[in-house]
Amino acid sequence: MDNAQYAELFLTESREHIAGVNKALLELERDATGPGASAAVASIFRGVHTIKGMGATMGYAIVAELAHELETVLDRIRHGDLAINVAIMDVLFRATDVLEKAVEAAVAGRDGEVVATDLVATLHSFGATAPRRSSGGWTIPAPAGAGMLVRIRLAPDTPLRGVRAFIIIKALGALGEVTNTEPPIEQIQSDGFDTDFAVRLVSASPAAEVEDAIRKAGDVVFVRVSEPQAAPRRSAPVTIETATAPTSAPAVDTRSVVGQARHVRIDVRRLDTLMNLIGELLIARGRLTQLAGELGDLTLEETVTQSSRLIGELRDEITASRMVPVSHVFDRFPRVVRDAARAVGKQIDFVVDGKGIELDRSMLDEIGDSIVHLLRNAVDHGIETPEARTAAGKLPTGRLVLSAARDRSAVVIKVSDDGKGIDRERVLARAKRDGLVDASRNDLTEDELLRLLARPGFSTAEKVTDLSGRGVGVDAVYTRVRALGGAMDIRSVPGQGTTMILRLPLTLAIVRALLVRVADEVYAIPLAHVSETIELESEILRTVKGREVLLARDEVLPLMRLRNLVGLPAYQPPSEIALEHVVVIDLGDRRAGLVIDELTGQEEIVVKQYDAVREGLPFFGGATLLSDGSPSLIVDVSSLL
Amino acid sequence: MSHTVLICDDAIFMRTMVGDILTQAGFEIVGEAETGLQAVEKYQQLKPDLVTMDIVMPDMGGIDAVREICKQDPQAKILMCSAMGQQALVVEAIQAGAKDFVVKPFQPSRVLEAVQRVLG
């Protein structure tokens with residue numbers, strides 16, 4: 001049987017388990033003796049154990065061996081033979097990392113590439129001195145082959161155990177077909193094993209009967225019969241010498257795949273395709289609605305209306321099916337923060353808020369790395385060392401909060417630290433030196449601060465560290481967020497901390513937009529960023545310091561003219577009463593007026609990835625096809641504000 | 001009803017010892033053989049419930065005797081008596097049809113356990 005079809009499932013599940021292991025490791029590290037410790041160890045053990053079983057089934061030798069050694073150490077911890085200390089925690093963390101790499105490498109067909117010999121030896125040194133316990137781990141890996149896995153332990157004083165094992169195997173042969181043994185049968189017969197051996201048996205007999213037959217064959221102290229699984233591929237030669245380390249049986253738990261009924265795993269690419277199709281369908285719907293309107297056939301219009309509604313519901317369902325809780329990605333961050341904090345000797349209390357908030361799966365995957373950037377920045381540059389904090393009258397342990405919250409049709413992600421804040425003086429000095437701001441300035445607004453930090457290569461870090469400070473932090477995040485149709489904000493108070501705010505649309509693909517016309521072009525403005533539209537009457541227009549502003553509801557808003565932005569001549573009204581319109585765009589609490597010729601309608605638009613032309617107009621964030629089939633540029637509100 | 005046993009060993013010492021162990025446990029020793037050939041003949045003649053079989057005997061070794069007996073009676077219950085270091089031979093005997101084995105020096109408990117297993 002070809003295992004390739006299981007590889008992705010293996011990868012997905014292994015990643016989940018590794019995330020769970022990391023989470024539990026952090027809990028364990030935080031409180032190694034508390035009431036939650038044993039639950040954490042048990043949880044780690046289960047995760048590793050499952051990975052081991054799956055890895056062995058897939059024939060990924062390195063994964064299986066590493067998990068096996070890790071499991072051995074965990075088993076000792078679980079039984080209280082090994083106390084948690086810094087050294088062990090470090091090894092466990094490291095082993096989990098290498099295990100993750102091994103999993104990825106194995107699935108990519110490079111099973112042998114991750115070299116873990118040293119780590120295995122280290123693990124072994126923690127695990128190997130475990131006293132053999134009657135219920136303890138098994139000493140040999142599961143043999144590859146078809147059928148149920150039968151593990152047998154003989155009494156330590158068994159005479160001629162090779163022969164005894166042979167009798168047992170023969171007894172099993174009477175129940176079915178023995179397809180493989182571990183160690184190989186020749187080695188078993190010549191006493192080439194300790195007390196444990198394992199057999200693959202294809203048999204119609206129930207496990208109890210198999211076990212009974214084995215026990216009857218004599219000198220058996222333990223038997224475990226695991227039900228058969230999908231026939232595993234013959235495992236690659238085991239390259240790590242671990243034959244004497246105790247371990248547990250890699251029973252493969254497939255229940256999480258098929259058992260818990262109400263979920264089906266779907267390749268996310270399939271959802272992407274569905275999303276694209278529904279996008280095309282929405283365009284067609286718009287076209288259809290328009291044509292039906294023109295024809296004026298009532299029956300047709302009715303049918304089109306009904307189809308439209310159904311297509312809308314379909315869109316909603318597909319959008320919903322792509323939503324996953326941010327915890328999918330956030331759950332690995334505690335580990336990231338912990339490692340980063342340790343690397344620079346800082347004490348950080350990391351809090352994650354709003355894990356249940358849902359976001360489009362693709363969006364979440366896209367934004368994960370950016371959040372890591374921000375977290376690392378906060379650890380590296382934001383939060384001070386315990387000494388510096390104490391000197392500043394703060395608690396030695398810094399606080400780093402990652403939160404997600406829903407705000408209308410956007411999700412707002414904040415990374416907030418209580419560190420020293422961004423050094424504006426230094427940013428200003430650097431900006432002056434680079435000629436980015438006027439030399440006479442002695443302060444920077446938050447917006448200017450963001451714009452400066454978001455410049456490629458702009459860094460004020462004194463030295464480059466492993467974590468950040470290579471000048472690829474904020475600008476990379478800023479670019480990414482904008483590419484996703486989102487926006488970014490910085491709030492920084494000297495001595496009190498910095499908050500980075502990312503505002504992301506719920507989904508990448510479909511947004512409702514206001515269509516506006518300027519000259520002969522129709523542009524789309526995402527409705528999420530439109531607070532109102534006003535006719536541009538001369539009474540609400542003012543000029544302040546040579547700049548046009550708008551008076552709207554007792555508020556003075558900066559005014560921009562789209563015509564100016566795209567380089568068109570001023571509007572020539574066709575008649576006295578024809579007025580230009582202002583679209584009031586907003587982003588968080590920033591607002592501005594955008595003057596356009598005419599409002600033409602609202603439409604659901606499908607955002608097409610748009611490769612912005614370098615040095616092109618920066619305030620367009622994408623392109624779309626309108627329902628009449630004509631292309632339209634999408635205004636990137638965040639770049640205007 | 002007690003089980004009947006045929007003891008096959010070329011050494012009187014071993015036959016006596018095995019005989020004592022089994023007799024004390026309530027078995028009935030119905031015959032003894034000193035060679036493999038004798039073992040085959042006496043098996044046909046006595047149809048014992050159990051045979052204890054030494055591996056190394058003159059005039060047809062124990063393994064050949066097992067093979068011969070099992071050819072005639074596939075249900076024959078034969079317990080091999082072996083010394084340490086004979087595992088390859090014991091495996092061969094098992095392949096030939098023997099049901100179990102005990103290892104010299106005999107411990108009564110082990111012998112009886114093995115006998116119980118063979119008689120099932």
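The following exchange examines how the terms applied to this predicted model are justified.

User: On what basis are residues named and features accepted here?

Analyst: Residues are numbered from 1 along each chain as its sequence is written, and chains are lettered from A and ligands numbered from 1 in the order in which they are written. The model is predicted, so local features need pLDDT of at least 70 and side-chain atom pairs count only at pLDDT 80 or more, while totals for chains, interfaces and linings use all residues.

User: What makes β11 of chain A a strand that is mostly covered?

Analyst: A strand is a DSSP run of E with at least two residues, a helix a run of H or I with at least four, and both are numbered from the N terminus. A residue is buried if 20 or more other C-beta atoms lie within 10 Å of its own, exposed if 12 or fewer, and partly exposed in between, with C-beta atoms placed from the backbone. In β11(A), residues 497-505, eight of nine residues are buried. β11(A) is therefore described as mostly covered.

User: How do you know that β9 and β10 of chain A pair with β11(A)?

Analyst: Two strands pair if DSSP finds at least two bridges between them. β9(A), residues 410-417, is joined to β11(A) by eight bridges, and β10(A), residues 487-493, by seven; both therefore satisfy the definition. Each runs antiparallel to β11(A). A:V412 stands opposite A:R503, and A:M488 has A:L502 as its bridge partner. β10(A) and β11(A) also form a hairpin with three residues between them, in whose turn A:G495 has a positive phi of about 80°.

User: Which strands pair with β13 of chain A, and in what sense?

Analyst: β12(A), residues 510-518, is joined to β13(A) by six bridges and runs antiparallel to it. β22(A), residues 631-635, pairs with β13(A) in the parallel sense over two bridges, and therefore meets the required number of at least two. A:A524 of β13(A) stands opposite A:L515 and also opposite A:I634 in β22(A). Of the six residues of β13(A), residues 521-526, five are buried.

User: What makes β14 and β15 of chain A edge strands?

Analyst: Each pairs on one side only. They belong to an open sheet of six strands in the order β14-β18-β19-β17-β16-β15, with mixed pairing. Neighbouring strands of this sheet are turned by 35° against each other on average, direction ignored.

User: Where do α6 and α8 of chain A meet, and at what angle do they cross?

Analyst: Axes are lines fitted to C-alpha atoms, for helices over the stretch in contact, and angles run from 0 to 180 degrees between N-to-C directions. On that basis, the axes of α6(A), residues 161-173, and α8(A), residues 207-216, come within 9 Å and cross at roughly 145°. The contact (C-beta atoms, placed from the backbone, within 7 Å) is made by A:I168, A:A171 and A:L172 of α6(A) and A:V210, A:A213 and A:I214 of α8(A).

User: Why is this contact classed as having six nonpolar residues?

Analyst: Ala, Val, Leu, Ile, Met, Phe, Trp, Tyr, Cys and Pro count as nonpolar, Asp, Glu, Lys and Arg as charged, and the others, Gly among them, as polar. The residues of the α6(A)–α8(A) contact therefore divide into six nonpolar, no polar and no charged.

User: How many residues of chain B are in contact with chain A?

Analyst: Eleven residues of chain B are in contact with twelve residues of chain A. The largest share of this side of chain B, four residues, comes from α4(B).

Definitions and conventions: Two residues are in contact if their C-beta atoms, placed from the backbone, lie within 7 Å.
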